[in-house]
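Hello,

Here is the structure I promised to pass on to you. Please have a look at it first, and then read my notes below.

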Amino acid sequence: MTATGTPTLLGVAAEAALAVPGVAGLQPRLVHCLATAAALTRTDTAPHRMPPEAGIRADRAPDGSGWRIEVRCVLAEGHRTLDTAQNVHDRVRTAATSHLAAHGVAAPVTVAVTVTRIAARPGTA
């Protein structure tokens, strides 16, 4: 797959989202959770880690006019949710647009950020 393909774009988006202060992690989509659960039922002993890209979905717009990226974030307690989500939106959009431009693709990028939960600080319950 080319550098502008979905796997590479997923990695760029995940890295940008995880760099935002207040982002505790990315929430995998259901399909990734089910795949991991199925892998755990096998008899192999290798650990199965969920890649950060599992919390990102990137698709080309139906009319081919650009990319749509969905980011599913888990935020850290003590950070303003709206500000953090806006920061994730802006950083992912900038990173994805720059990545595409670096590979000669001038396509608009639309980003949707979903906050799936707020993670409590360790030691608080």
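A word on confidence to begin with: pLDDT is the predictor's confidence in each residue, on a scale from 0 to 100. The chain averages a pLDDT of 82, and 74% of the residues score at least 70. This is a predicted model, in which local features need pLDDT of at least 70 and side-chain atom pairs count only at pLDDT 80 or more, while totals for chains, interfaces and linings use all residues. Residues are numbered from 1 along each chain as its sequence is written, and side-chain values use heavy atoms, with hydrogens and water left out.

Where is confidence lowest, and where is it highest? The low end is helix α2 (residues 30-40), with a mean of 48, and the high end is α3, at 96. (Helices are DSSP runs of H or I with at least four residues, strands are runs of E with at least two, and both are numbered from the N terminus.) Over residues 30-34 pLDDT stays under 50, and the model has four contacts for them beyond four places in sequence; contact means heavy atoms within 4.5 Å. Where pLDDT is low, the predicted coordinates should not be read in detail.

Now to helix α3. Residues 81-102 make up this helix of 22 residues, and from first C-alpha to last it reaches 31 Å, close to the 32 Å expected at 1.5 Å a residue. (The expected span is 1.5 Å times one less than the number of residues.) T84, A85, V88, V92, A96, H99 and L100 of α3 are buried, which means under 20% relative accessible area; exposed means over 50%, and partly exposed lies in between, with a 1.4 Å probe and protein chains only. These buried residues lie on the same side of α3, because they cover an arc of only 115 degrees around the axis, taken from the directions from the helix axis to the C-beta atoms. L82, T94, A101 and A102 are exposed on the other side of α3. After the helix comes G104, with a positive phi near 75 degrees.

T84, in helix α3, has a relative accessible area of 5%. Beyond its neighbours within four places in sequence, T84 is in contact with V20, P21, G22, V23, L75 and H79.

Next, the interior. The largest nonpolar core (buried Ala, Val, Leu, Ile, Met, Phe, Trp, Tyr and Cys residues joined through side-chain atoms within 4.5 Å) has 23 residues, and I56, I69, V71, V88 and V92 have the most contacts inside it. Two or more residues each come from α1 (6-18), β1 (23-26), β2 (56-60), β3 (67-76), α3 and β4 (109-119). The largest share, six residues, is given by α1. Among the contacts of V71 outside its neighbours within four places in sequence are A17, L26, V88, V92 and V113.

Finally, the charged pairs. How many salt bridges does a search of the whole structure find? There are two, a salt bridge being a side-chain nitrogen of Lys or Arg within 4 Å of a carboxyl oxygen of Asp or Glu. One joins R57 and D59, with the closest N and O atoms 2.8 Å apart; R57 is partly exposed at 37% relative accessibility, and D59 is partly exposed at 27%. D83 and R80 form a salt bridge with their closest N and O atoms 2.8 Å apart. Here D83 is partly exposed at 42%, whereas R80 is exposed at 58%.

Best wishes
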